[in-house]
Amino acid sequence: MTASDVTLPRADRPRRERRRVMGAGKQLHAGPVTYLVLTLFALVSLAPLVWTAIAASRTDRRLAETPPPLWFGGNLFKNMQTAWEEAGLGTAMFNTTFVAATITVSTVLFSTLAGFAFAKLRFRFSGVLLMLTIGTMMVPPQLAVVPLYLWMADLGWSNQLQTVILPTLVTAFGTFFMRQYLVQALPTELIEAARVDGASSLRIVWHVVFPAARPAMAVLGLLTFVFAWNDFLWPIIALNQENPTVQVALNALGTGYVPDQAVIMAGALLGTLPLLIAFLLFGKQIVGGIMQGAIKG
């Protein structure tokens, strides 16, 4: 806009300029197609959870009939109580909460520090170390089960929770994820300005790196917690029914000559509820952090 346009009356401004000014404060509204697509995605995503709840509220005999039930029955709380008692889900819930929380905190902390080092610090062989870190993601985790178990057995940690926690204190995915985010979200000039002001490395990490990485840390924390809560392969090898996680405890419901499918579904529903509650409580903060990071980016 030129200086002559500023001196002109509002009615004499170009039509395109008036249209831009009038539409600047308007919100974008989704059309019916958008709502239809979102509704379909929501229904498809919720279908397994709804079916689990329906199956958990029925009897094993009713689940074996054709056609299968399509609505809730009256045995939900009875089946939940049976699954809770038979699988020992009280101890399993406590163990899984402790394991998942510890893994989440350590992974977010160490991955952020390592990602910051790879993104903004200059040191010898940084590129080689980064490629080696990414390369570990290409190795199937099943290949590490035997040497990892032998290592934990040598330490005398069989059937102890630290056996599940120690191998996942930091992940290559978390390091790469945080590195990619901090490359764009953290200006190098901001770090240099902090160093000029006399800030130590620890102070820079606490007051500069962590605030800038907060949205990515929230996303990584959510993904890590869900993965740690649902992890089955390594816990079923390292732990037993005396000191189980939720997934190990639920595995006991499937044993026996004729497993009760309704009780298994009730146990699976109980194992899923903490994740749903956590997302309902902290989902707004996580989404807000993601949006804040997107706007800053």
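This tour goes through a predicted model, stopping at its nonpolar cores, its largest cavity and one asparagine in a loop.

Begin with the core by selecting Leu89, Val99, Val164, Trp229, Trp234, Val246 and Leu253, which, of the 31 residues in the largest nonpolar core, touch the most other members. Helix H6 gives the largest share of this core, namely six residues. A second core, separate from this one, has 17 residues, and you can find it by selecting Val108, Phe210, Ala213 and Leu220, which are among them.

Return next to leucine 89 and show what surrounds it: apart from neighbours within four places in sequence, leucine 89 is in contact with Ala83, Trp84, Ala249, Leu250 and Leu270.

Now turn to the empty space inside the model, where two cavities of 30 Å³ or more are counted. The largest cavity, with a volume of about 40 Å³, appears when you select its lining, made up of Thr96, Val99, Val164, Ala228, Trp229, Asp231, Pro235, Thr245 and Gln247. Helix H6 (89–120) and helix H12 (201–230) are the elements that give two or more residues to this lining, and by type the lining residues are five nonpolar, three polar and one charged.

Finally, select asparagine 159, which sits in the loop between helix H8 (145–154) and helix H9 (162–165). Asparagine 159 counts as buried because its relative accessible area is 18%, under the 20% cut-off. Its side chain makes a polar contact, at 2.9 Å, with the side chain of asparagine 240. If you leave aside neighbours within four places in sequence, the residues in contact with asparagine 159 are Ala238, Leu239, Asn240, Glu242 and Asn243.

Notes. Residues numbered from 1 in each chain as written. Predicted model: local features only at pLDDT ≥ 70, side-chain atom pairs only at ≥ 80, totals over all residues. Heavy atoms only, no water. 1 Å grid on protein atoms, 1.4 Å probe; cavity = no way out; pocket = protein on both sides within 12 Å on 5 of 7 lines; lining within 4 Å. Points joined across faces, edges and corners; volume = space filled by probe spheres on them. Helix = DSSP H or I, 4+ residues; strand = E, 2+ residues; numbered from the N terminus. Nonpolar A, V, L, I, M, F, W, Y, C, P; charged D, E, K, R; others polar. Buried < 20%, exposed > 50% of the residue type's maximum accessible area, 1.4 Å probe, protein only. Polar contact = N/O pair within 3.5 Å; in protein donor to acceptor, adjacent residues only side chain to side chain. Contact = heavy atoms within 4.5 Å. Core = buried A, V, L, I, M, F, W, Y, C linked by side-chain atoms within 4.5 Å.
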